Amino acid sequence: MKLNHINLTVTDVPAAQQFLETYFGLKPMDTSGDARGSSFAVLFDDNGMVITLMKGAEVQYPKTFHIGFIQESEEKVNEINQRMKDDGFDVKPPQRSHGWTFYVKAPGGFTVEVLA
């Protein structure tokens with residue numbers, strides 16, 4: 001058994017979708033026929049994991065809640081960190097913790113960890 005689906009409630013579905021596509025290569029499913037319009041999105045990774053995004057007016061995750069994207073190297077973590085900085089995200093440099101890692105608040109109200 002493996003976890004293969006997660007739903008995230010976000011304040012801004014298009015912005016959260018663009019973030020996940022841009023930095024983590026998630027691929028969107030065509031939801032243009034869905035009655036929820038831009039308040040719903042479905043994204044896939046290369047291993048079949050599905051992330052759905054649903055609009056919520058108030059999004060409050062517990063302080064330690066996050067989703068993570070494990071990278072193949074510390075260099076890749078550094079590259080993503082720098083891209084996010086260059087694009088205006090408030091990210092601290094990676095640090096040695098339980099791996100080479102950093103956290104970023106994603107558009108829509110959830111936190112993402114990037115680590116190797």
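This briefing covers a sheet, a group of aromatic rings and one buried asparagine. The structure is a predicted model. Its four-stranded sheet is open, with mixed pairing. A search of the whole structure gives six aromatic pairs, and ring pairs join five residues, Phe 19, Tyr 23, Phe 24, Phe 69 and Phe 89, into a cluster. Asn 81, in helix H2, is buried.

**The sheet**

- The strands of the open sheet follow the order E1-E4-E3-E2, and their pairing is mixed.
- Strand E1 (5-10) and strand E2 (27-28) are the edge strands; each has a single partner strand, so one side of each lacks a neighbour in the sheet.
- Strand E1 runs parallel to strand E4 (residues 50-55), and six bridges join the two.
- One residue of this pairing is His 5, whose bridge partner in E4 is Val 50.

**The aromatic rings**

- Six aromatic pairs turn up when the whole structure is searched.
- One of them is Phe 19 with Phe 24: the ring centres are 5.9 Å apart and the planes stand at 65 degrees, so this pair is edge-to-face, since planes over 60 degrees apart count as such.
- Phe 19 has a relative accessibility of 2% and therefore counts as buried, the cut-off being under 20%.
- Phe 24 also counts as buried, because its relative accessibility is 13%.
- Phe 24 has a further ring partner, Phe 69; this pair is stacked, with 4.0 Å from centre to centre and 10 degrees between the planes.
- The pair of Phe 24 and Phe 69 links distant parts of the chain: Phe 24 belongs to helix H1 (residues 13-24) and Phe 69 to strand E5 (residues 67-70), and the two residues are 45 residues apart.
- Phe 69 has a relative accessible area of 14%, so Phe 69 is buried.
- Ring pairs tie Phe 24 and Phe 69 into a cluster with Phe 19, Tyr 23 and Phe 89.

**Asn 81**

- Asn 81 lies in helix H2, which spans residues 74-86.
- The relative accessible area of Asn 81 is 3%, so this residue is buried.
- What does Asn 81 touch, leaving aside its neighbours within four places in sequence? Asn 81 is in contact with Val 91, Lys 92, Pro 93, Pro 94 and Phe 102.

Key
Residues numbered from 1 in each chain as written. Predicted model: local features only at pLDDT ≥ 70, side-chain atom pairs only at ≥ 80, totals over all residues. Heavy atoms only, no water. Buried < 20%, exposed > 50% of the residue type's maximum accessible area, 1.4 Å probe, protein only. Contact = heavy atoms within 4.5 Å. Pairing = 2+ DSSP bridges. Phe/Tyr/Trp six-rings, centres within 6.5 Å; stacked < 30°, edge-to-face > 60°.
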